[in-house]
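This report describes selected strands, loops and helices of one protein chain. The sequence and the model are shown first, and the account follows.

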Amino acid sequence: MKKLFDFTKLPVVDAVNEIIIYAAEKGASDIHFDPTDDSLKVRIRIDGILDTLTTIPNSVRHNIVTRIKILSGMNITETRLPQDGAIKTTLRGKNLDLRVSSLPTKRGEKIVIRIMDYSLSLKGIEYLCFSEDNYKKVLKMLNSPNGIILVTGATGSGKSTTVYSFLQRLNVEGSNLVTVEDPVEMDIEGINQVQVNSEIGLDFATVLRSILRQDPNIIMIGEIRDTETAKIAVRASITGHLVLSTVHTNNSLNTIERLLDMDVERYLLAGALTGIISQTLPRKLCDKCKHLRETTQYEKMLFKTVLGKDVNQIYEAGNCDECNNGYKGRIALHEVLLINQDIRDAISEGISKEELRHLVYNKNVITMLQDGLYKVLAGFTTFEEVIRLVDIDDNLSNEKNNRIL
């Protein structure tokens, strides 16, 4: 992956442009400028994996960081505090929307540039890799007149892409859509988008209270981070509004527990919750160089245990000029829970976690492990990628409740 740049001859403006363009053309999601004792190491994240691109010598390191801070509207004289900025520009005919973050470290400022790509959101939910059953559940959620729909997952798991796809679907004539975000990541025509500014007291809770006086049909909250936001969101959803938001949890059961930990009243949560979509993003196999191999004993056991199938061959990564070590792009694994009356009653009554697990993971729910193994069989990703991202022990515990074992 390493690329040679002659930083002693290349002007600083051109050097920054070259790094950004190269990363964007390679499909990178982030560019990291990591300070070390004698240089500034540049790494780019492609398909979720960080790889070293080049090293910037100390002689031009300060100039490179300053140039990025100027482009993103940061204060170049402030090096002691974290800063956030943004860059919207066109380089070599390529429109770029970048988010920039600086962090003071012991060895100097670390800069991270996130390259925003909303192509999947613009295409629609049909391109988000939902299985047929999960796709039908999602459509049913979005057709609900009110309630709260949560998209969950770790940082970088594609939650924003999914939520924006939902907004595109719901953005129809006759509806009033309002969002509160930090930051506003994608500009969508026909939607009223509010940027949070905590420095002047414009936080999620303050904006939400005002939004409820704006006659909204659909409200999108960028992220439920605290108790106050969670309570207002839930109350909004039971007063005739459809609310979309994200939470940093791994699965449906953990999401319910997280909201209860935020002191949301059980009876309100039971009445408000419409559905939970949990997801993660393994790397996608390159169609050109992937090839079949024999399954190991462990793999055979897991396929039999989880899917009830005897599997003798699966695809593995190859290597060619069109991919990154056998992978090209990423694909989503999902767990979609459509809340039914039994689960509502259980939340309201405060039953134990194990009893709630039994109700959540019934035969109608495809766990993330099941979805991942189905996509391994279809040749979309590898067994290794699924194991890397999915908690096997936790999912197997859910499988037992699913009565597959």
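A residue counts as buried when its relative accessible area is under 20%. The model discussed here is predicted, and the burial of its strands is judged by that cut-off.

**Strand β8 and its partners**

Five of the five residues of β8 are buried, so this strand is largely enclosed by the rest of the structure. In a regular strand the side chains alternate between the two faces of the sheet. In β8, L177, T179 and E181 point one way, whereas V178 and V180 point the other way, and all are buried.

β8 pairs with β10 in the parallel sense, over four bridges. Within that pairing, T179 stands opposite M220 of β10. β8 also pairs with β9, again in the parallel sense and over four bridges. Here E181 has Q195 of β9 as its bridge partner.

The loop between β8 (177–181) and β9 (192–195) contains P183. A cis peptide bond, with omega of about 0°, joins P183 to D182.

**The six-stranded sheet**

Six strands form an open sheet with antiparallel pairing, in the order β3-β2-β1-β6-β5-β4. Its edge strands are β3 (49–57) and β4 (83–91), each of which pairs on one side only. From one strand to the next, the twist averages 20°.

At the β4 edge, β4 pairs with β5 (residues 94–105) in the antiparallel sense over nine bridges. A86 stands opposite R99 of β5.

Helix α2 (residues 58–71) lies across β1 (28–35), β2 (39–46), β3, β4, β5 and β6 (108–115). Relative to β3, helix α2 runs at about 120°.

**Two residues with positive phi**

Which residue in the loop between β2 and β3 has a positive phi although it is not a glycine? The residue is D47, with phi of about 55°, and its place is in the loop between β2 and β3. D215 likewise is not a glycine and has a positive phi of about 55°. The place of D215 is in the loop between α6 (204–211) and β10 (218–221).

Are D47 and D215 buried or exposed? D47 has a relative accessible area of 11%, so it counts as buried. D215 has a relative accessibility of 64% and therefore counts as exposed. The table sets out the values for both residues.

| Residue | Phi | Relative accessible area |
|---|---|---|
| D47 | D47: about 55° | D47: 11% |
| D215 | D215: about 55° | D215: 64% |

**The α11 and α12 helix pair**

How do the axes of helix α11 and helix α12 cross? The axes of α11 (residues 341–349) and α12 (residues 353–360) come within 10 Å and cross at roughly 165°. Because of this angle, α11 is roughly antiparallel to α12. The crossing in which α11 passes α12 is left-handed.

On the α11 side, the contact is made by D342, I343, A346 and I347. The α12 side of the contact is formed by L356, L359 and V360. By class, the contact of α11 with α12 has six nonpolar residues, no polar residues and one charged residue.

Terms used
Residues are numbered from 1 along each chain as its sequence is written. This is a predicted model: local features need pLDDT of at least 70, side-chain atom pairs count only at pLDDT 80 or more; totals for chains, interfaces and linings use all residues. Side-chain values use heavy atoms; hydrogens and water are left out. Axes are lines fitted to C-alpha atoms, for helices over the stretch in contact, and angles run from 0 to 180 degrees between N-to-C directions. Angles under 35 degrees count as roughly parallel, over 145 as roughly antiparallel, 65 to 115 as roughly perpendicular and the rest as oblique. A crossing is left-handed if the near helix is turned anticlockwise from the far one by less than a right angle, and right-handed if clockwise. Contact means heavy atoms within 4.5 Å. Ala, Val, Leu, Ile, Met, Phe, Trp, Tyr, Cys and Pro count as nonpolar, Asp, Glu, Lys and Arg as charged, and the others, Gly among them, as polar. Two strands pair if DSSP finds at least two bridges between them. Buried means under 20% relative accessible area, exposed over 50%, partly exposed in between (1.4 Å probe, protein chains only).
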